[in-house]
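Notebook open, structure loaded. I want to go through it piece by piece and jot down what I look up.

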Amino acid sequence: MLQKIRDKATGWIAYTIILLIAIPFALWGVDSYFGGSGRQVVAEVNGEPVTQQALQREVRQQRDRLAQLFGGRLPEGVLDEGALRDQALQTLIRRELLRQTARERGYRASAQAVARELARIPVFQQDGTFDAERYARILEAQRLTPQAFEADLARGLVLEQLESGVRGTTPVTAPRVHHYLDLALQVREVDHLHLPASAWAPPKEEIGEEAVQAYYNEHQDRFRAPERVRLDYVLLDPAALEEDLSISEAELRRQYEMQRDRFTTPEERRAAQILIRVPEGAGEDAVQAAREAARGARDRVLNGESFDKVAREVSDDRLTAGQGGDLGWLQRGDLGNALDGVLFTMAPGEVSHPVRTAEGFHLLKLESVRPPKTEPFEQVRERLEADLRARRAESRLMELNERLMTQAFEHPRSLEPAAAATGLEIQGSQWITRAKGEGIGALEAVRKAAFSPQVLQEGQNSDLIELPDGRTMVLRVARHEPSRPQPLEAVEDRIRERIRTQRAAEGAQAAGRDLLQAVRAGDSLDEAVADLPADAAVERLQLRRDSDAVPARVREAAFALDGAGEVTGVPLEGGDYALVRLHAVKTPEPDGEQRTRAREHLRSLYGAAEFEAVLRHLEDQADIEIHRDRL
Amino acid sequence: MSVTTDEERIESIQRWWQENGVAVIIGLLLGIALLVGWRLWSGYTENRVLQASDRYEALRDTAQSDPEAALEQARSLSEDASGTPYATLAALEWARLAADQGDLETAEAQLRRVMESAHHEDQAQLARLRLARVLLADDRPEEALTLLEAETPDAFLALARELRGDALLALGREAEARTAYDEAMMVAVRPSDYLMMKRDALGEPDPAGREAP
């Protein structure tokens with residue numbers, strides 16, 4: 001049969017078949033044939049993948065960097081995970097783009113440049129200079145090869161060239177520095193008038209019933225009491241559980257016996273050794289010679305020379321030879337099986353025969369013995385009890401949680417079965433709204449569960465909720481009160497206050513605008529102010545770009561004024577109103593330091609903008625595909 | 001199938017060799033020569049790129065400490081490294097150093113060269129924008145404006161519009177400058193303090209058209 005196929009499988013049919021098989025490999029590679037790693041690719045930049053793994057690493061790094069800004073811990077709610085992810089992805093895509101660009105355009109880093117860079121990395125330095133041994137050790141610990149690490153450095157260098165080739169080469173001419181400083185250092189002398197809304201606030205009595213009623217009718221939706229619920233719940237508290245457990249003396253004794261090892265310090269023996277090293281793969285002769293040397297050393301000791309002296313002279317164990325072969329206190333297992341077997345059967349003062357290990361021949365001398373010591377029951381009783389209590393409580397807790405969850409789930413319309421199965425009481429809460437509550441209502445997790453569709457609309461028990469402090473609970477809604485309008489009497493005072501604020505603001509704005517018109521028409525500012533109800537006085541200010549003597553909006557308006565004498569009005573938050581009139585513009589002469597700083601500022605400004613433009617241009621030119629479904 | 005003896009076979013091989021031997025040997029030698037030549041050539045270019053890279057690194061260091069010496073280094077590198085990417089970087093650095101030291105003529109010449117000869121669009125655009133800045137510093141706003149008329153890729157639009165504003169301002173065409181700045185603010189990722197100050201200094205557009213030319 002095979003022979004037949006072979007005979008026929010020449011000629012074009014065979015080639016056609018082979019071609020057909022080859023096409024998919026050629027197009028999609030072997031990877032896709034074996035299921036491939038396609039799933040982990042979150043984006044492709046000109047066909048080169050950005051992996052999920054890299055993305056996660058980048059997200060982590062950016063989050064850590066953010067956390068550092070907040071002093072180590074990110075406050076909850078600061079972080080928008082989606083935005084963070086997008087930003088990390090953009091960083092990775094841009095890095096990949098730069099890498100490709102550097103490669104295509106032929107940027108390279110020489111071996112010397114890499115070596116220089118390497119020498120600059122502080123962790124590889126010993127006393128301020130590069131230490132090759134340290135370098136090798138650190139890489140080994142990170143499971144990196146020098147080749148891979150240095151290739152990485154070279155890539156980094158090349159990217160830096162590409163970046164600094166844009167950022168660092170942006171010219172900043174002297175006239176530009178001058179122009180910038182003209183604007184930045186400018187001082188504007190202005191007349192400033194602040195009209196506080198409070199000066200126009202009408203007395204409370206002036207606001208009549210009709211106005212209040214009208215406001216109430218018009219803004220019904222603002223005066224609604226929020227939707228609220230009262231909850232029934234079963235709460236499981238691990239702390240309470242631990243207290244309830246009782247543990248008998250007999251049980252503790254039994255535990256003590258079972259865990260005797262834990263409270264025993266094992267036997268320790270102090271020993272010294274002489275090592276005659278046998279190199280790995282040494283011939284029979286060399287082994288024999290080493291054995292003889294070891295025997296010779298033993299004989300010298302037996303003939304009266306001190307072990308200490310012989311060890312100093314002949315031992316090949318560099319670490320101990322200097323201390324007369326002293327190995328310190330040893331436990332079983334410290335030396336390995338062969339030596340343990342000898343050491344732990346010797347009598348104090350004895351010197352062993354040569355013992356063969358992979359290293360060579362050892363002579364051991366036992367100096368002294370510390371017998372094993374066990375702490376008595378009384379001493380460890382409390383520790384034992386605490387451990388046992390914690391363990392019991394934990395398994396009890398797991399069991400109760402399990403029951404709570406199952407019963408609450410199987411009987412979704414009542415908490416009774418869950419309470420009965422766990423022996424816990426059903427408790428009731430105060431009124432809780434979506435936004436706040438007291439007691440358990442203060443916990444966001446509880447409020448979230450209480451207002452979830454499952455609990456609120458379908459009237460079922462909640463899932464098991466884990467509270468931040470380790471307690472767990474199941475809850476259901478006992479009473480529900482939908483959002484409802486509040487009666488006028490309940491909100492009357494608030495409405496009156498609002499109307500007052502509103503009228504005050506309107507008054508101030510209107511007065512301000514009138515004033516503005518009058519001044520623009522040619523009245524003097526001081527004259528116009530005289531009729532105002534407030535004791536508003538015009539003040540002359542010297543405003544710089546960073547002055548905080550006035551609100552930011554006033555300052556901005558002041559710097560937007562066109563020429564001396566021009567005046568503008570600025571409505572402020574809280575209903576106040578401000579008037580600014582430009583008196584004079586002064587441009588102080590900058591000093592050398594200011595010039596240098598401005599030049600650097602402009603350089604980094606243009607450098608950053610230009611680099612951003614280059615990156616965006618590369619992005620626009622590239623074929624970038626983002627697999628949103630895999631993010 | 002014809003039956004051939006070994007002698008006949010040897011004979012036919014010999015005959016073939018006599019006819020084609022020279023061609024085969026020449027072909028082989030040519031192939032080897034090409035291979036060696038290629039290796040030598042690629043070794044040579046590789047070496048040039050690495051040397052240029054090193055010299056560029058050195059240039060960056062010098063530029064920090066001794067701008068005047070750096071000027072000379074940038075000039076020679078931009079000439080020696082032609083054909084490598086470092087020639088362009090050196091030319092840009094040269095222009096930067098010259099402009100910073102007030103030699104606008106040199107800066108202009110270098111930027112013009114990069115703008116006209118760069119292989120990559122982004123570098124040509126950078127050179128164009130920087131050239132416009134140099135022209136403005138040289139009191140030639142008309143020329144800068146003409147330079148900025150050319151079509152600009154989206155990515156460089158924010159920078160180009162701001163410069164256009166600068167040029168118009170220098171020509172005293174304030175209303176147009178304001179529009180240009182406004183456009184720059186719209187497309188910029190993060191408008192700089194400088195741009196905002198320039199825009200603010202031009203005030204609000206006047207609805208009555210008092211300022212319109």
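**Strand β9 of chain A.** I started with β9(A), residues 268-277, in this predicted model. I checked burial: 8 of its 10 residues are buried, so the strand is largely enclosed by the rest of the structure. Next I looked up its partners. With β12(A), residues 360-370, β9(A) pairs in the antiparallel sense over 10 bridges. I picked out one pair there: Ile274(A) has Leu363(A) as its bridge partner in β12(A). With β10(A), residues 326-330, the pairing is also antiparallel, over 4 bridges. Here I noted Ala272(A), whose bridge partner in β10(A) is Asp326(A).

**The sheet around it.** In what order do the strands of this open sheet run? I read off β10-β9-β12-β11 in chain A, 4 strands with antiparallel pairing. The edges are β10(A) and β11(A), the latter being residues 355-356, and each of them pairs on one side only.

**Chain A overall.** I stepped back for the totals. Chain A has 23 helices and 22 strands. Of its 631 residues, 37% count as buried. I also looked at contact range: among contacts in chain A with a separation of 6 or more, residues 24 or more positions apart account for 70%.

**Salt bridges within chain A.** The count over all chains comes to 68. I went through three of the pairs in chain A.

- Glu48(A) and Arg103(A) form a salt bridge, with the closest N and O atoms 3.3 Å apart. Glu48(A) is in strand β2(A) and Arg103(A) in helix α4(A), residues 81-105, so the pair ties together parts 55 residues apart in sequence. I have Glu48(A) as partly exposed, at 25% relative accessible area. Arg103(A) is partly exposed too, at 47%.
- Glu58(A) and Arg95(A) meet through their side chains at 3.4 Å, N to O. Glu58(A) sits in helix α3(A), residues 52-69, and Arg95(A) in α4(A), so this bridge links parts 37 residues apart in sequence. Is Glu58(A) buried or exposed? I find it buried, at 4% relative accessibility. Arg95(A) counts as partly exposed, at 40%.
- Glu292(A) and Arg295(A) form a salt bridge with closest N and O atoms 3.4 Å apart. Both are in helix α12(A), residues 284-302, and being 3 residues apart they are separated by about one helical turn. I noted both as partly exposed, Glu292(A) at 42% and Arg295(A) at 40%.

I then followed a network that takes in both chains: salt bridges with shared partners join Arg599(A), Arg603(A), Glu93(B), Arg96(B) and Asp100(B).

**Chain B against chain A.** That took me to the interface. I find 46 residues of chain B in contact with 45 residues of chain A. About 4,200 Å² is buried between the two chains, and carbon and sulfur atoms give 53% of that. Which three residues supply more than any other three of the area that chain B buries against chain A? I have Arg133(B), Tyr194(B) and Met197(B), together supplying 17%.

On the polar side, I get 9 salt bridges across the interface. Arg108(A) and Glu46(B) meet in a salt bridge at 2.8 Å, N to O. I also count 24 residue pairs in polar contact between chain B and chain A. On the chain B side, the elements giving two or more residues are α1 (6-65), α3 (85-100), α5, α7 (157-170) and α9 (193-201).

**Helix α5 of chain B.** I had a closer look at α5(B), residues 121-137. Its 17 residues reach 24 Å from first C-alpha to last, close to the 24 Å expected. I find 16 of the 17 buried, so the helix is largely enclosed by the rest of the structure.

**Positive phi.** Most residues other than glycine have a negative phi, so I jotted down two exceptions. Asp139(B), just after α5(B), has a positive phi of about 65°. Asp139(B) lies in the loop between α5 and α6 (141-149) of chain B, and I have this residue as exposed, at 67% relative accessible area. The other is Asn46(A), with phi near 50°. Asn46(A) is in the loop between β1 (41-45) and β2 (48-51) of chain A and counts as partly exposed, at 37%.

Methods:
Residues are numbered from 1 along each chain as its sequence is written. Chains are lettered from A and ligands numbered from 1 in the order in which they are written. This is a predicted model: local features need pLDDT of at least 70, side-chain atom pairs count only at pLDDT 80 or more; totals for chains, interfaces and linings use all residues. Side-chain values use heavy atoms; hydrogens and water are left out. The expected span of a helix is 1.5 Å times one less than its number of residues. Buried means under 20% relative accessible area, exposed over 50%, partly exposed in between (1.4 Å probe, protein chains only). Two strands pair if DSSP finds at least two bridges between them. Contact means heavy atoms within 4.5 Å. Buried area is the accessible area (1.4 Å probe) that two parts lose on being put together, summed over both. A salt bridge is a side-chain nitrogen of Lys or Arg within 4 Å of a carboxyl oxygen of Asp or Glu. A polar contact is a pair of N or O atoms within 3.5 Å; within protein, one must be able to donate a hydrogen and the other to accept it, and residues adjacent in sequence count only if both atoms are side-chain atoms.
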